[in-house]
Structure formats: C-alpha cells, structure tokens
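Hi,

Here is the structure I promised to pass on. Have a look at it first, and my notes follow right below.

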Amino acid sequence: MQSGLILLVDADRRVQKAFTRAAAEQGLEVVACDTARAGVNAACALDPTAIVTELELPDFDGHWLLAQLRDQPTDVAITPILVVTHEIDTSSRARTLQAGADVYLQKPIAAADLLAQVRALVEMSRRILE
C-alpha cells in the first residue's frame, strides 16, 4: 500500500480538482480516474492507501467497481473504500455497504471533511492489520 496515495474515481472534474487540491495541502497525492474500469486498473497498478469513488460512473456503476476491487487476489481487495454519492435512499446505502464499501457518504461534502474520513478509515485499517 503506497503511503499517502488516494485513488479518486469520479467523472466530475470539479470534484477531482477540489479533492486533489485539498489532499495536496495535507501532503497527500491523488490519482483521479473518470471510469470504473480505469479505477480498477489504477488500483491494481498503484496499490493506493484508500479509494474514494462515486456510484454514478460513465461505464459501469460503483457497485461493479466495488465487486471488482474486492475480488482482486492482491492487497487491493482490502484497501479502504469510501463511496461518496448523491444517492440517499437507505436501500442504496445498504446495497453499497454489502457490495464492499467501508464508508458511505452523501454529497455534497466538503473536501476537508472527506479527507478527514479517509484518514480515519486508513488509520483504523492500520490498527487492525498490526
């Protein structure tokens, strides 16, 4: 797991810019992808510290992405994943968590708050794995 590298899978360029800028201020690097397939490829190649994704993606939905990531035969399968989406119904939340998300957050969310969630989840994962 590369320390300080966050994979962001979201087609919204404004979200990518805001999140990347906020992460850089905290000394974190962000690699952004526009599609679910690109997200899987990047996750496998880069072994990020955490993955942040939207459910609504141009090629496949976030549930497909979660299934692909959790099915990897490498450490990518245990990477903390945060889903940030506009979907708010409880069935979507339950389905997303069952698909492999560790955290489900509703948009809009401030980039600083999202980064705090990422850091907390990564630290919790480190404590569990030690």
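Asp 12 comes out as partly exposed, with 24% relative accessibility. Its salt-bridge partner is Arg 14, and the closest N and O atoms of the two are 3.2 Å apart. Arg 14 itself is exposed, at a relative accessible area of 65%. Bear in mind that this is a predicted model, so please read everything below in that light.

While we're on charges: searching the whole structure turns up six salt bridges. As a reminder, side chains of opposite charge can pair when their charged atoms come close. Here are two more from the set.

One of them brings together the side chains of Lys 107 and Asp 10, at 2.9 Å from N to O. Lys 107 sits in the loop between β5 and α5, while Asp 10 is in the loop between β1 and α1 (13-25), so this pair ties together parts that are 97 residues apart in sequence. Are these two buried or exposed? Lys 107 has a relative accessible area of 12% and Asp 10 has 5%, and because the cut-off for buried is under 20%, both count as buried. The pair also has company, since Asp 10, Glu 54 and Lys 107 are linked in a network of salt bridges.

The other is between the side chains of Arg 70 and Asp 102, which meet at 2.8 Å, again N to O. Arg 70 belongs to helix α3 and Asp 102 to the loop between α4 and β5, so here the parts tied together are 32 residues apart in sequence. Arg 70 is partly exposed at 23% relative accessibility, and Asp 102 is partly exposed as well, at 39%.

Back to Lys 107 for a moment, as there is something to check in the backbone. The peptide bond between Lys 107 and Pro 108 is cis, with omega at about 0°. Pro 108 is in the loop between β5 and α5.

Now the strands. β4 (residues 81-85) and β5 (residues 103-106) run parallel and are joined by four bridges. To get from β4 to β5 the chain passes through helix α4 (residues 90-99), and this β-α-β crossover is right-handed. If you want a spot to zoom in on, Val 84 stands opposite Leu 105 in β5. In a regular strand the side chains alternate between the two faces of the sheet.

Thr 85 is also part of strand β4, and it is buried, with a relative accessible area of 0%. What does Thr 85 touch, leaving aside its neighbours within four places in sequence? Its contacts are Glu 54, Leu 55, Tyr 104, Leu 105, Gln 106 and Lys 107. Two of those names should ring a bell, as Glu 54 and Lys 107 are linked with Asp 10 in the salt-bridge network.

Next, α2. Its buried residues are Ala 36, Gly 39, Val 40, Ala 42 and Ala 43. What do the buried residues of α2 pack against? They pack against β1 (5-9), β2 (29-33), β3 and α3 (62-70).

Asp 47 follows α2 and is placed in the loop between α2 (36-46) and β3 (50-53). Asp 47 is not a glycine, yet its phi is positive, at about 50°. Asp 47 is partly exposed, with a relative accessible area of 21%; that is not under 20%, so Asp 47 does not count as buried. If you are tracing the fold by eye, Asp 47 and Leu 69 are 22 residues apart in sequence and 11 Å apart in space, going from C-alpha to C-alpha.

Last, the surface. Which residues form the nonpolar patch there? Ile 78, Met 124, Ile 128 and Leu 129 do, and together they have about 410 Å² of accessible area. Ile 128 lies in helix α5 (residues 111-129) and is exposed, with a relative accessible area of 60%.

If you just want the places to click on, here they are:

- Lys 107 and Asp 10, for the salt bridge between their side chains
- Lys 107 and Pro 108, for the cis peptide bond
- Asp 47, for the positive phi
- Ile 78, Met 124, Ile 128 and Leu 129, for the nonpolar patch on the surface

Cheers

Key
Residues numbered from 1 in each chain as written. Predicted model: local features only at pLDDT ≥ 70, side-chain atom pairs only at ≥ 80, totals over all residues. Heavy atoms only, no water. Pairing = 2+ DSSP bridges. Helix = DSSP H or I, 4+ residues; strand = E, 2+ residues; numbered from the N terminus. Right-handed = clockwise from strand over helix to strand, strands pointing away. Buried < 20%, exposed > 50% of the residue type's maximum accessible area, 1.4 Å probe, protein only. Contact = heavy atoms within 4.5 Å. Patch = residues over 30% accessible without salt bridge, like charges linked within 9 Å, V, L, I, M, F, W, Y side chains within 5 Å. Areas by Shrake-Rupley, 256 points an atom, 1.4 Å probe, with all protein chains shown as cover. Salt bridge = Lys/Arg side-chain N within 4 Å of Asp/Glu carboxyl O.
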